[in-house]
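The report below walks through one protein chain for a reader who is new to structures. Please keep the sequence and the picture side by side while reading.

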Amino acid sequence: LEELNSHILDPKKDCILFLSAQYCRTCKYLTPQYTKLARNNKGGDVVFAKANAVGKIGKEVSKALAVDAVPAFCLFRAGERYGTTINVSRIPSKKLDVALELLRSGDSWDGQKLRGLK
């Protein structure tokens, strides 16, 4: 948990956190795609992190982030929660791409830009 906190709460970095569960078929499907996305952005301006939403610690993380279902993606800008939880069933995802663009841009969150996207 400390390592996760150091990544997502770092005031000098932006982060995307993928919350998943081992019993979730969609999470299993997304994991290699998320890993590929992270590798393609290696050395970039956004840290890609993953956490299990199951178990005592996972449930605490999910509750703290108000995540009700997995797979879920949470964004952090400079150590603070940015935007709303994003749920997608595939990567690449236009919705996730737009959210990452917003995160990188430094602009305020605009949920309207994500409406209707998958």
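## A charged pair, a sheet and two cores

The structure holds one salt bridge, a term used here for a side-chain nitrogen of Lys or Arg within 4 Å of a carboxyl oxygen of Asp or Glu. This is a predicted model, in which local features need pLDDT of at least 70 and side-chain atom pairs count only at pLDDT 80 or more, while totals for chains, interfaces and linings use all residues. Residues are numbered from 1 along each chain as its sequence is written, and side-chain values use heavy atoms, with hydrogens and water left out.

### The salt bridge

Side chains of opposite charge can pair when their charged atoms come close. Here the side chains of arginine 104 and aspartate 45 meet, with 3.0 Å from N to O. The pair links distant parts of the chain, since arginine 104 belongs to helix H4 (residues 94–105) and aspartate 45 to the loop between H2 and S2, 59 residues apart. The names H and S stand for helices (H or I, at least four residues) and strands (E, at least two), which are DSSP runs numbered from the N terminus. Are the two partners buried or exposed? For this, buried means under 20% relative accessible area, exposed means over 50%, and partly exposed lies in between (1.4 Å probe, protein chains only). Arginine 104 has 34% relative accessibility and therefore counts as partly exposed, and aspartate 45, at 42%, also counts as partly exposed.

### The sheet

Four strands form an open sheet in the order S2-S1-S3-S4, with mixed pairing; two strands pair if DSSP finds at least two bridges between them. Strand S2 (46–52) and strand S4 (80–86) stand at the edges with a single partner strand each, so one side of each is left without a neighbour in the sheet. Neighbouring strands of this sheet are turned by 20 degrees against each other on average, direction ignored. Strands S1 (residues 14–20) and S3 (residues 72–77) run antiparallel and are joined by six bridges, and phenylalanine 18 stands opposite phenylalanine 73 in S3. Helix H2 (residues 25–40) packs on the sheet, touching S1, S2 and S3, and its direction makes about 160 degrees with that of S1. Such angles run from 0 to 180 degrees between N-to-C directions, and the axes are lines fitted to C-alpha atoms, for helices over the stretch in contact; contact itself means heavy atoms within 4.5 Å.

S3 and S4 pair in the antiparallel sense over four bridges, and leucine 75 stands opposite tyrosine 82 in S4. These two strands, S3 and S4, form a hairpin with two residues between them.

### Helix H3

Which residues of helix H3 (residues 55–64) are buried? They are Gly58, Val61 and Ser62. Seen down the axis of H3, these buried residues fall within an arc of 100 degrees, so they line one face of the helix; the arc is that of the directions from the helix axis to the C-beta atoms. They pack against helix H1 (2–8), S1 and S2, whereas the face turned away from the buried side of H3 carries the exposed residues Lys56, Lys59, Lys63 and Ala64.

### Nonpolar cores

In soluble globular proteins, nonpolar side chains tend to be buried together. A nonpolar core is a set of buried Ala, Val, Leu, Ile, Met, Phe, Trp, Tyr and Cys residues joined through side-chain atoms within 4.5 Å. The largest one has 20 residues, and those with the most contacts inside it are Ile16, Phe73, Leu75, Ile86 and Leu100. The elements S1, H2, S2, S3, S4 and H4 give two or more residues to this core, and H4 gives the most, with six residues. A second, separate core of 15 residues includes Cys15, Leu19, Leu65 and Ala72.

### Backbone details in the loops

Two alanines have a positive phi although neither is a glycine, and they are listed here.

| Residue | Phi | Loop | Relative accessible area |
|---|---|---|---|
| Alanine 66 | about 55 degrees | between H3 and S3 | 56%, exposed |
| Alanine 78 | about 50 degrees | between S3 and S4 | 36%, partly exposed |

The peptide bond from valine 70 to proline 71 is cis, with omega near 0 degrees, and proline 71 has its place in the loop between H3 and S3. A cis peptide bond also joins isoleucine 91 and proline 92, where omega is about 10 degrees; proline 92 lies in the loop between S4 and H4.
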